[in-house]
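Please open the model in your viewer and set the display to cartoon. The tour below proposes a series of selections and states what each one shows.

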Amino acid sequence: DLSGNALTALPRSFLELEALFSLDLTHNNFKTLPDDLGELTRLETLALAENILQKLPSTLPRLHELTALDVSGNGLTHLCVFPNLPEVARIRTPGEADWDCRMEPKSRRYYYCNTRTGRVQKVLPAALRLAKEEKGGKLKLGKNRRGPAPGAKVPGVDSKLKMNTISYNHRKVELARLGVDEWDVAWSDGDGATVYTSRVNGDREFKIPSSLDKLGSLRSLTELKIDRNQLRDLPPSLAQLKELKLFRCRDNYIRSLADNMGELQKLTNLDCATNELSELPPSFARLTKLTFLSLQSNRFEKLPPLIGKLTGLKRLMLGNNALVTLPYEVGFLTTLEELQVFNNPLEDPPYETISDLPAMMWSCRQKYWALINGPVPVVVARKVGIADEIHEPEPAYQERIGRVVEEAAATGRMELQLQGVTEIPGAVRV
């Protein structure tokens with residue numbers, strides 16, 4: 001436990017604690033963490049809250065035994081996990097293994113043959129040029145260093161390079177050797193979204209590239225807390241955390257949840273309070289094990305009917321939104337113990353009914369069935385006179401009274417046993 005200090009860095013020897021299973025670095029002054037943090041493969045709990053972190057460590061996905069991660073209260077604007085640059089710089093590019101260097105017997109000159117296509121050439125292939133440079137020179141890049149070295153010339157953007165081609169990968173590796181990441185991530189006010197810009201060819205993406213979306217590799221996570229950051233969206237790989245039971249993302253700027261959010265089948269506690277959410281994805285209905293859901297202080301004007309499928313809910317927090325109505329499906333949340341709707345312009349159900357949950361839910365169910373089966377029929381019955389009293393019975397009741405009157409006229413005797421009358425008639429006019 002190193003929490004509550006003024007630490008800004010960890011000594012290199014710290015990463016030799018291979019048996020370490022819990023690390024608490026909360027309330028320090030870390031701006032970055034060693035990229036080799038992933039070497040502590042026994043870690044089960046990692047608390048990094050209340051620091052000044054801008055990025056997650058590149059080797060974080062190697063912590064396969066990690067069950068609890070807390071990065072709350074930092075300056076994170078995204079949850080990208082950038083690749084480890086020294087490893088990128090040593091990547092064999094596609095096509096490199098296809099080339100074979102051979103010698104012509106007579107002239108004893110070397111040539112290059114592509115064993116896959118049969119192509120022969122005397123000039124060193126582009127796929128092998130980088131490999132030759134690797135053998136002839138040293139990789140001048142520290143394990144934690146990002147950004148070009150002083151005096152280094154960084155190649156400019158080349159729009160002609162197509163992603164996933166040999167030329168593109170060569171440029172990406174060249175940038176990595178200079179300490180420069182392939183992608184630049186920044187919020188764009190003009191686009192109103194986080195923009196991912198390739199430093200290789202200048203392409204702009206509005207969805208997190210797969211090479212940066214590695215958070216889902218932490219397959220053992222059961223608790224994830226990312227409160228009080230500057231996050232605008234969540235990575236799709238979040239849905240790969242199949243063991244996740246608690247997820248908190250309070251006090252961010254998140255506008256939407258991942259479409260595949262419903263794959264978190266073991267999730268029981270979800271706190272998305274104080275964000276910019278206005279809708280829920282359809283897959284949300286599959287989170288049937290949720291017992292606590294907080295959508296407080298968001299931008300909801302209405303809730304989708306799927307909320308009624310979260311049948312395990314015990315606490316539902318909807319305060320400080322713009323809800324005028326609640327979906328009648330709320331009436332089917334039979335395990336609900338607390339419903340919070342403060343500071344909403346709520347009209348249906350009325351505020352005064354919320355305090356009596358069972359009655360409110362019964363009323364919602366009745367309204368739901370009325371919507372499904374149609375409105376209750378309005379019965380207009382003709383008046384039937386009996387003595388000095390006038391009744392307006394329902395059709396079936398009217399028929400029964402009619403028969404009783406006819407029998408009374410014929411027999412002089414009237415029986416009204418089990419006829420549903422509320423008063424005994426004084427006399428019968430025949």
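In which sense do strand β12 and strand β13 pair, and over how many bridges? Select residues 269-271 for β12 and residues 292-294 for β13: in this predicted model, the two strands pair in the parallel sense over three bridges. Within this pair, display D271, which stands opposite S294 in β13.

Next, extend the selection to the sheet. It is an open sheet of nine strands with parallel pairing, in the order β1-β2-β3-β10-β11-β12-β13-β14-β15. Its edge strands are β1 (22-24) and β15 (338-340), each of which pairs on one side only. From one strand to the next, the twist averages 5°.

Now move to helix α5 by selecting residues 357-373. At 1.5 Å a residue, its 17 residues should span 24 Å, and this agrees with the end C-alpha atoms, which are 24 Å apart. Show the side chains of L357, M360, M361, C364 and Y368, which are buried in α5. Turn the view to look down the axis of α5: the buried residues fall within an arc of 95°, so they line one face of the helix.

What covers these buried residues of α5? The cover includes β15 and α4, the latter selected as 351-354. Strand β15 was met above as an edge strand of the sheet.

Rotate to the other side of α5, where P358 and N373 are exposed. To finish, select G374, just after α5, and inspect its backbone: this residue takes a positive phi of about 95°.

Methods
Residues are numbered from 1 along each chain as its sequence is written. This is a predicted model: local features need pLDDT of at least 70, side-chain atom pairs count only at pLDDT 80 or more; totals for chains, interfaces and linings use all residues. Side-chain values use heavy atoms; hydrogens and water are left out. Two strands pair if DSSP finds at least two bridges between them. Helices (H or I, at least four residues) and strands (E, at least two) are DSSP runs, numbered from the N terminus. Axes are lines fitted to C-alpha atoms, for helices over the stretch in contact, and angles run from 0 to 180 degrees between N-to-C directions. The expected span of a helix is 1.5 Å times one less than its number of residues. Buried means under 20% relative accessible area, exposed over 50%, partly exposed in between (1.4 Å probe, protein chains only). The arc is that of the directions from the helix axis to the C-beta atoms. Contact means heavy atoms within 4.5 Å.
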